[in-house]
Amino acid sequence: MPATDLRDTLSLIKKAVHFANDTLRIEAALQGDGIVSGCTPSWTSGMTVRVAAGTVRIGGTDSSVSQTALTATAAHASKNRVDMMVINNSGTPSLVAGTAADDNAADPASPGAIPANSVVIGYVWVPAGAAALQAAYVWDRRTLLDDPL
């Protein structure tokens, strides 16, 4: 597949994919859990993604988040996977590996349940056989909270 076709496909995936976790993420924000500032997910190199420094609010408590590099596990040889980037209530980012599945590009497997006391900041598309990720494979799904104070 030419690179432009892959970019077009990834663009469509980012616009169309809605996981059950997205609804839970929005519900959590309505309860006050989410990102106060920063915590932007991005790709760095190879299979490594970065969470920028920032602040999360979970259960009414703000926690500082230090910039953190997270490494995705090796891609499956023939199946795609979506991993979930989360930050817990102590401000620790982590990458929750999804399940490799025989899904087509427009309907990847759900990355699983959101860990307790955590907020989702993004997803990472891990294509079958990938030796390295790309910037387009990191999907920012932060729920930014408006702090009225």
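This is a walk through the fold, the core and a few local details of a predicted model.

Start with the overall layout. The protein has two helices and 10 strands. Along the sequence, the order is α-α-β-β-β-β-β-β-β-β-β-β. The two helices therefore precede the strands in that order, as the pattern of DSSP runs counted from the N terminus shows. The chain has 149 residues, and 41% of them are buried. The accessible surface comes to about 7500 Å². Carbon and sulfur atoms account for 52% of that surface. Contacts reach across the sequence. Take the contacts between residues at least 6 apart: 61% of them join residues at least 24 apart.

Now look at one hairpin. Strand 7 covers residues 81–88, and strand 8 covers residues 93–96. The two pair in the antiparallel sense, over four bridges. One point to find on screen is V86, whose bridge partner in strand 8 is S94. Four residues lie between the strands of this hairpin. G91 takes a positive phi there, near 85°.

Next, the interior. The largest nonpolar core holds 28 residues. Seven of them touch the most other members: C39, V49, V51, V56, M85, I87 and L133. Several strands give two or more residues to this core: strand 3 (48–51), strand 4 (54–58), strand 7, strand 9 (118–126) and strand 10 (138–140). Strand 9 supplies the largest share, with seven residues.

V49 is a good place to see how this core is packed. Set aside its neighbours within four places in sequence. V49 then contacts S42, W43 and T44, among others. T68, A69 and L70 are also on its contact list. So are M85, L95, V124, L133 and V138. Of these partners, M85 and L133 are also among the core residues that touch the most other members.

C39 is another of those core residues, and its backbone deserves a look. C39 sits in the loop between strand 1 (34–38) and strand 2 (41–45). Is C39 buried or exposed? Its relative accessibility is 0%, so C39 counts as buried. Its phi is near 65°, a positive value in a residue other than glycine. Most residues other than glycine have a negative phi. N117 also has a positive phi, of about 55°, and is not a glycine. N117 lies in the loop between strand 8 and strand 9. With a relative accessible area of 49%, N117 is partly exposed.

Two tryptophans come next. The structure holds one aromatic pair. Its rings belong to W125 and W139, with centres 6.1 Å apart. Why does the pair count as stacked? The ring planes stand at 20°, so the pair falls in the stacked class, because that class takes planes under 30 degrees apart. W125 lies in strand 9 and W139 in strand 10, so the pair ties together parts that are 14 residues apart in sequence. Both tryptophans are buried.

Turn to the charged side chains. Side chains of opposite charge can pair when their charged atoms come close. The structure holds three salt bridges. R57 meets D62 at 2.6 Å, N to O. R57 has 17% relative accessibility, so it counts as buried. D62, at 40%, counts as partly exposed. A second salt bridge joins R81 and D83, at 2.6 Å, N to O. Here both residues are buried. The third links D140 and R142, at 2.9 Å, N to O. D140 is partly exposed, with a relative accessible area of 38%. R142 is partly exposed as well, at 21% relative accessibility.

Finish at S78. This residue is found in the loop between strand 6 (68–71) and strand 7. Which residues does S78 contact, leaving aside its neighbours within four places in sequence? They are D102 and A128. S78 and A128 are 50 residues apart in sequence. In space, their C-alpha atoms are 4.8 Å apart.

Terms used: Residues are numbered from 1 along each chain as its sequence is written. This is a predicted model: local features need pLDDT of at least 70, side-chain atom pairs count only at pLDDT 80 or more; totals for chains, interfaces and linings use all residues. Side-chain values use heavy atoms; hydrogens and water are left out. Buried means under 20% relative accessible area, exposed over 50%, partly exposed in between (1.4 Å probe, protein chains only). Contact means heavy atoms within 4.5 Å. Accessible areas come from the Shrake-Rupley method with a 1.4 Å probe; for residues, only the protein chains shown count as cover. Two strands pair if DSSP finds at least two bridges between them. A nonpolar core is a set of buried Ala, Val, Leu, Ile, Met, Phe, Trp, Tyr and Cys residues joined through side-chain atoms within 4.5 Å. A salt bridge is a side-chain nitrogen of Lys or Arg within 4 Å of a carboxyl oxygen of Asp or Glu. Rings of Phe, Tyr and Trp (its six-membered ring) pair if their centres lie within 6.5 Å; planes under 30 degrees apart count as stacked, over 60 as edge-to-face and the rest as tilted.
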